[in-house]
Each structure stands twice: as C-alpha cells, then as structure tokens.
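Dear colleague,

Please find below the structure that I am handing over to you. I would be grateful if you read the notes beneath it with the structure open beside them.

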Amino acid sequence: MTITQDPWESLHTSALLGTDRRPLRAAALPFAEAVDQADPATALLELAALATVRRRAGALPVPAAGPPGPAAPEDARPELPEPAARRLAVLLAGRAGGSGGTLANLAELLPQWLATARARGLRPPAALIPGLLDAARARSELRTDAVALAGPLGRWLAEQNPDWRFVLRTTTQEAAQRPDAPVDHHLWHEGLFAERVTHLTLLRRSDPAAGLELLRSTWPTERAEDRLLFLDALQDGLSPADEPFLEAALGDRSKNVRATAAELLSTLPGSALARRMAERARAAVRLAEAGTHLLVTPPAECDAAMQRDGIAPKSPTGRGERAWWFGEVVAAAPLSLWPESTGLPPEELLALRVGDSLDETSSSWADDLREAWARAAVRQHDADWARALLGPAPVPPTRGAGRARAPRATGAPAKLLAVLPPGERAAWTAAFIEVHGLGEAFQLLGACATPWTPPLSTAVVTALARAAASGAYPWSHSGVLGMTERALAPEAAAAVEELAAGAAPDSAWAETFGRLAGTLRFRAAMLAELAG
Amino acid sequence: MEERWSTEHVLSLAPDAASQKAAGKLSAPAPWSGTGTDGTAVWGECKGSGRTPYRTVVELATPAYQCSCPSRKFPCKHALGLLLLWSGTPAAVPAAEPADWAADWLKGRQERAEKRTAPPADPEAARRRAEARGARVAAGAAELRLRLADRIRHGLADQSTAGPWEEVAARMVDAQAPGLATRVRELDTTPQERLLEEYAMLHLLATAATRVDELPPELAATVRARVGYTRDSNEVLAGPTVRDRWLVLGSRTVPMEGGSDERLTTRRVWLRGAKTGRPALLLAFGRPGQAPDLALPTGHLLEAELAYHPGARPLRATLGDRYGAPEAGPAAPPAGLTVAEAVAGYGTAVADDPWLESWPTVLTGVVPVRTPDGWHLTDGHHTVPVRASAVPEAALWRLAAVSTGRPLTVFGEYGHQGFAPVTAWPEGHRPVGLTNS
C-alpha cells in the first residue's frame, strides 16, 4: 500500500491519538529500518527524532516575500555630540527608573534638554529614538519637542508602531516648514480633532489667509464644541482680514462661539466691534470737567446689539449685572480710546479717582474699571497699559491711609507681566521677590523667560536663603524650587553651592540645597554639551 | 590609552533598576573627591550621609569592585556612580597614581589571583563518585524514556490521565540530571504543535544518556553537558586553550528560569576569534542582587586564552589568562553571512550536535521588516523570522530604529525557531546592544 500522507503527519497523528489506538505503520516510513520496532511508541519517538533532526539540518532558506518597505527619509541634521547623546540616555533612563522622588530633578531637566537640542537642530542617535518616543508617549508635554527631535526617523517608526501613533498627530514647525512639504489637507478632512486643531494652528502660522480659507470651507458642518476651538486657533496670525468671518461668527448658534469671536474682534483695534465697544465705553466713563476724576455710568441694559457683541446678559460672577456689563464693555474696548478721549497717559488715568456719575463720592467703580483695563491690556498685548497697571516695582506694604492707592493685586499680575518685554518682566519680579519673598511669586516666576536673568536668579537664591534662615519648611516652596532647577541662571549656581555647603548638616534644607546644586551642575553640564 | 565605557555599558553592570537610578544620582562630580584613574582602575571617595566618605575602587579589566559602604547590592551605587562619572565627565576623574588605600586593595587582589591553585584531589574517590553518579543518571534517563513512551502510547491529545511533568522533573533532579529536569519541566508549557518534536529530542537525549559510554568522546561530552554535568573552570582551563584576539560580538543578561525562589541572573557573552574565526560563548552568573561578574564591552577586542568545553560542536568556553584590558575594536562591522549561508551554517552545526537550538551568527546586509506574522530579517533574497519569544519587543524597535529601514550587520543566535538578534552595527556607528536597557 502507498503512503499518501506526509510522513511527519502520520507520526503526529499517531502520537496525538496514541499508538494504542492508532498503531503506526512504521514500516512504510523513511528510515524505518534504522529503528527497533519492537515497541511502537519507542519506534515512533525515534523516527520523530530522526525526522526532526533531518528537517533542522536540511532546512532551506525561505525566499524573501518581496522588497522591504521604504526606508526612513534621510535626516540632514548634524548628530548630537557624543557626551550629549550619553546624557540623553541617562535622562531617559532616569525617567524609566521609576516614580521615586529622589530623581525628580532629571524629570524636570528632560524637557529643557529636549527643547535645547531641538533649537540647536541636532539629531539624536537612532538607537535612542524608541526610548525618546516612549518617554513622550508617557508625558504628553514632551511631545512637540520629542517629535521634532525624533525627526523623519521618528515618523517612520510611528507609522509602524501603533504605540507611537501620537507622533503622526503631532505636527511640528520643522515638518510644516519643509520647503518640499506638500500642502496636504487630508489631516484636516480625515484627522482626529486634536490633529485638525494642530494642522490649522500651524497653517495659520505660515499662511494665515490659507488657514482662514480652510476653516471657512468646512465651518458650517463643524460641531459647536469644535467650532469653538478652531476659532480659538485663529489667534495665531489674527489680522483685519479675519474680521468679516469673525463678524459673521457673532451670529453663531453657540453662545461660546459668539463670545470667542467677540473676544478676538476686540483684540483687533480697528474692527467694527472694537468701534462699537469704544462707543459704549465712552458713554460709560467720562472725565469730570475738573479733570480730577473719572465718572462711571454703567450700561442700563444689555441690549440685543450688546449681546450679539458677546456680552452675556446674566452676570456669571455674582457681581451686579450693570457692573458686569460695564466690565465687559471696557475690557473689549480699544485701550487707545482713553488717552485719545482724555488727553491723559495711562499712568495719570490710573491715578485719577473714580466715582459714580450720580454719586461722585462713591468709589465703588474703581476696582471694576481697573480690572477691566487689566483684561484689555492682556488681550490687546498693550505693554504701556500693562506697565502702568502693574505700577513700579513693589514697595513694602504700609498700613493706613495710603493703602487704597497702592497697586492692587488684580489677581492677574502674572498675565500683565507676560505682556512686558522679558527684561522688564524679570526686573519687576526680582523687585517683587525682594519685598514679598517667594510665597506668592510662583506664577510671576512662571511668566518670566528662562533661563532667568542673573539679577532675578540672585533675588530667588537670596529669598531661598532667607526662607531657610527663618525656619520655613523647604517643601512649602517646592513649586518654586522645581522651577529654580529648570530656570536659574548658571551664574547663580555658585551661590547655591555655598548655601548647600553652609546649611546645617542633615537638615531638610541641606538636602534641598544639595539637590538643587546637583541639578544645576547637571543642567550646566548638559547645556554645555549641547552647545559644544 | 584606556577607552572610557559608554553609559549604557556601565548601567548594564547594575544589579537592578533601583541601582541604576541611585547611581545616576552619584554620577555628578559633587559628592566625589580624590578621584583618579591609571587606565586599569578607577577610584574615588564619595561623601555619603555619614561622617567618613565611602572609598570606592573599580578594577576595570574584570571588572571587580570594592567599596567601604555597607550595601548588599553588588556592584553598589557608589561603584556604578564612579564609573558613570569616569565615563561621562572625564575631567572629573584625572589620570593619577592610585591612592594608598586603592593601591592596597588592587595589590591584594592581584596576589589572591596568583595564589589560585588547583585543589588536590583524591583520584580514587573521585572515580567512585563519578561511577555512582553515572549509574544514577542512566537509571533516571531510562525512567524518562519509559515515561515518554508511555505518553505516546496513550496519546498526546489525552493528557487528562497523566500528571504534570513537574513530578518527573523532580525525579530527574534526584537522579542528578538537572539538564534533563529543565527540559522535562518545559514540556508543561510547550505548545502542542511542537510537543512531538520536543518529546522526540528529549527521548533521543535520554537514550544517549543511557549509553553515553558507547558514544564517540566528543558526542559523549555534548550529551553529558546537556544532561547537566558541569565542569569546574579550573579543570577546563587545565586542558588545551586557544589564544586569540577575541572580538566581543554581544552579550545578553537574563534572569535565569528555574523553580527556585532565588532568581539568578545569567549573562551570555559571545566572542569571535580575530585570527581563528571561532565563535565562543562565555557564561557568567550573578546571585540575586548582584550583577554577573563578567562584563565585556561589545565591539571591543580582548587578547586572552580561552578553553573550550569539549563537545561535538564546541562553543561554551571559559576565559583563561588575559593579556591586557579590552580595547576598542575596529570601526567596521564584523564579516557576516547571507541568510542562505546562515541557514546552511546552522544545519551543519545541527548535524554535529542534534540538540543544538541555535548557533551564533553574524548576518550581513539584512533589513528588519515588520509583517503581520511578526518581525523578519531579509537580505533581499531570503528571509528569516525573528524568534520573538527570545527578544523583548523594545529590542526589535531599537533594531528597526538603528537600521532606518536600510541593510545593516546584525549579530544574534540563529536556529530552527528563528533568529534572536543581540547586537546591531548601524552605518558609521559603534555597535548597539539591542537588549541592554
């Protein structure tokens, strides 16, 4: 009889079912004569061993199915210097090392390393790219820099690994500005929401008109919550050319979309909305004839036109409705209105007493007016007004009569600071810290450019030393300390070393300063490597 | 001039991730004083929480570590931190003569190494012990053959009546055949489509073990090694040795499988003789909390004597005398094979040692490709699957990244289950270890 089955198959079938049930016809198999067939099970095992070794020893190579897919595009950027590449390996390993608090400083430094290397236009070694992408996957705040650094190789890898899908959604300036980059709007039409926002934002930065056109092309079909954020993306490259579109958006079905359109229009000083708001503001505030104070007449109602211009008829703040309308009107009016209509510069306007037009002795409007001007200064990026509103660098608070005239904490000094040029921001913050210490400086420091200027750095270190001397706990300053690790000027590192050396041994501050000094040294070395 | 090690290499010496982290903290110059290196050793004093600083010395060739700290980790964070400092901030560890305390230890170490002598043995007692063990192993192997045949009689599909293999594995341990025990234990987790192969090859090994004295000496040595006879390294070194400049092709450190609760780590280091072209495999073991004591940087050359363990297809070797510390090897990748040549090479090796799972192989001009049924390496003509179970996914992505989708040289183990990559040589770069994290 002939064996039609593959010899291995007949061995396997007998083994599965058992030689008791399915006797093996060993005689018909290759090399059957080489084994003792007295015991069928043993014979089966020996024939199977023969077949296995034959197959392993005689295996033929498998022909390639086809050419491999396309290789990653070439990356023309120069490669990281060797020490910087080692540093990146340490930083990435530190992240992978776990959640322990002792190396939080490495986690603080990784973003800075990435941003610096990216700005220097350097290319990390290919072997570190997967680790870099894993880090960015875990920490979304790293993504833009990490994806830019990973470059075309990162993108090529992400196309193959679903874990790194975010890379394809993270559009970077470098990729968008490639001269050969085709204008490809498929992301806009097919992408996820975040991808679409990024696409629009980047397009606005390079070609605002094209961005507007793209948004306009699909506007009527977008959902309200999407419309809101797309509209927000128009902030980049906002110009009078956007006004007709924004005016139309004032008639949107969604209240939030209307409000956002109004806010954008109010930052366009020449816009029709800004003119309408100026009109209302002029009616609400006038300079008393004596020129000594300002008189406020808040709007009596929130009419349909005001509502269309983005003013909510109901106060969301708990403040009275007329005060709310008043604030909204002044905040949306162009700031240039005030010097023009009164002939006074911001500083003098702010120094004027503020009264009610019906009751000139009331000063209840001063805070509302100031608050509204502050919002306008932030919205319109008006440095003159911001400077005037912040006032000169602070002086120690004095109890008593002068108090009402001292610059009032409007709740947003950090936002006002951000409008000023970097040098001025740092100087103002340094003065603030000298007077008030670090307790309320966190947001102000956050508004300052990094690395901090040497005077600001010195002010922070001095304040830390004072805090240590006063017996405060280091952890009550942990926010500022973390920021200091990232932002302190390298010149100030020596002062921190001194503090570390001088602190009482084994105290919490000794450990704090020691770690800070260590981090600063690490940072200095890391930045030097990237520069070299 | 000594070559300073890469960060990756230093971190690979760490016994665990926590040590890597702690060492990173100590890799800055601040806590260190009195640091220096003379090219064969690195030393320094590290300020800790106590009054006296810890004194740390690393002898680079072995490497060997000494530190006055009380840590039970080995090497401790101070030794690793010192190496990181030495590797990353050369200026912080200047060339110098060893400090007295460092010199004392280094000298003592050298003296101990020279005093190493073969222990006197009672040949008659040794022979009796060997005979007794041989009989016990043969009995165990015979029992294993019966157990395997028994299961074939009842059918592999019907495992309900048969107990787990663990019990048989324990019998093999009693029979002083730990190699058989390990293979038996693996049967419980072998997928059914490979079960008959594994039964058959284990049966073949057990059969060979029952009549090991009738086999040719080389094959008998292979069978003994696979059954679980170990050889003392002094005994191996007493035999013939091969002196060569050995290129370090790569290394892999894995926690060892096994039933015991203490997880040893095993480090495999693959070498290739520059003159002889012979491959060699060194094994080193570390107790829990300790890194294996042998560490050779990939891509470096080491002039040394190697003693091969006897066998039909010698590969495992013991490192004998060294002539100098490892030095940086050539920039160009080592010569390698096409996929077709690699397949044929493994086939030839299997003809010598039928139980050979894989053979160290350098592939030239291959591209890693991810397909729906897993990773492959292709040289344009032929393709080999990557043995995914032997390599972490991260290593394969690292391989893909360094290839950038272009052909490169890869070292790994090739066998009937596929290729397990260990090292890649990216264009114009030093070799990249794929599995070291």
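The notes that follow describe what was found, beginning with chain A and ending with a sheet and its helices.

Please keep in mind throughout that this is a predicted model.

Chain A contains 28 helices and four strands. Of its 532 residues, 41% count as buried. Contacts in chain A between residues at least 6 apart in sequence were also examined, and 67% of them join residues at least 24 apart.

The next topic is the nonpolar cores. In soluble globular proteins, nonpolar side chains tend to be buried together. Here, the largest nonpolar core has 166 residues. The residues with the most contacts inside this core are A:L44, A:L132, A:A146 and A:L157, together with B:L83. Which residues does B:L83 touch, not counting residues up to four places away in sequence? They are B:W5, B:V10, B:V42 and B:V58. Apart from the largest core lies another, of 93 residues; A:L214, A:L445, A:C448 and A:V480 are among them.

Chain B also offers examples of strand pairing. Strands of a sheet pair through backbone hydrogen bonds, either parallel or antiparallel. Strand β5 of chain B (residues 242-255) pairs in the antiparallel sense with strand β8 of chain B (residues 300-308), over six bridges. In this pairing, B:R243 stands opposite B:E305. β5(B) also pairs with strand β6 of chain B (residues 265-273), in the antiparallel sense and over nine bridges. There, B:S251 stands opposite B:V269.

Another sheet draws on both chains. Seven strands form this open sheet, in the order β1(A)-β13(B)-β12(B)-β11(B)-β14(B)-β15(B)-β16(B), and the pairing is antiparallel. Which strands stand at the edges? They are β1 (62-63) of chain A and β16 (432-433) of chain B; each has a single partner strand, so one side of each is left without a neighbour in the sheet.

Within the sheet, strand β14 of chain B (residues 408-415) and strand β15 of chain B (residues 418-425) pair over seven bridges, and B:Y414 stands opposite B:F419.

Two helices of chain B pack on this sheet. Helix α11 (residues 339-352) of chain B touches β11 (358-371), β13 (382-385) and β14 of chain B, and its direction makes about 145 degrees with that of β11(B). Helix α12 (residues 393-403) of chain B touches β11, β12 (374-378), β14, β15 and β16 of chain B; the direction of α12 makes about 75 degrees with that of β11(B).

Yours sincerely

Key
Residues numbered from 1 in each chain as written. Chains lettered and ligands numbered in written order. Predicted model: local features only at pLDDT ≥ 70, side-chain atom pairs only at ≥ 80, totals over all residues. Core = buried A, V, L, I, M, F, W, Y, C linked by C-beta atoms within 7 Å. Buried ≥ 20, exposed ≤ 12 C-beta atoms within 10 Å, placed from the backbone. Contact = placed C-beta atoms within 7 Å. Pairing = 2+ DSSP bridges. Axes fitted to C-alpha atoms, helices over the stretch in contact; angles between N-to-C directions.
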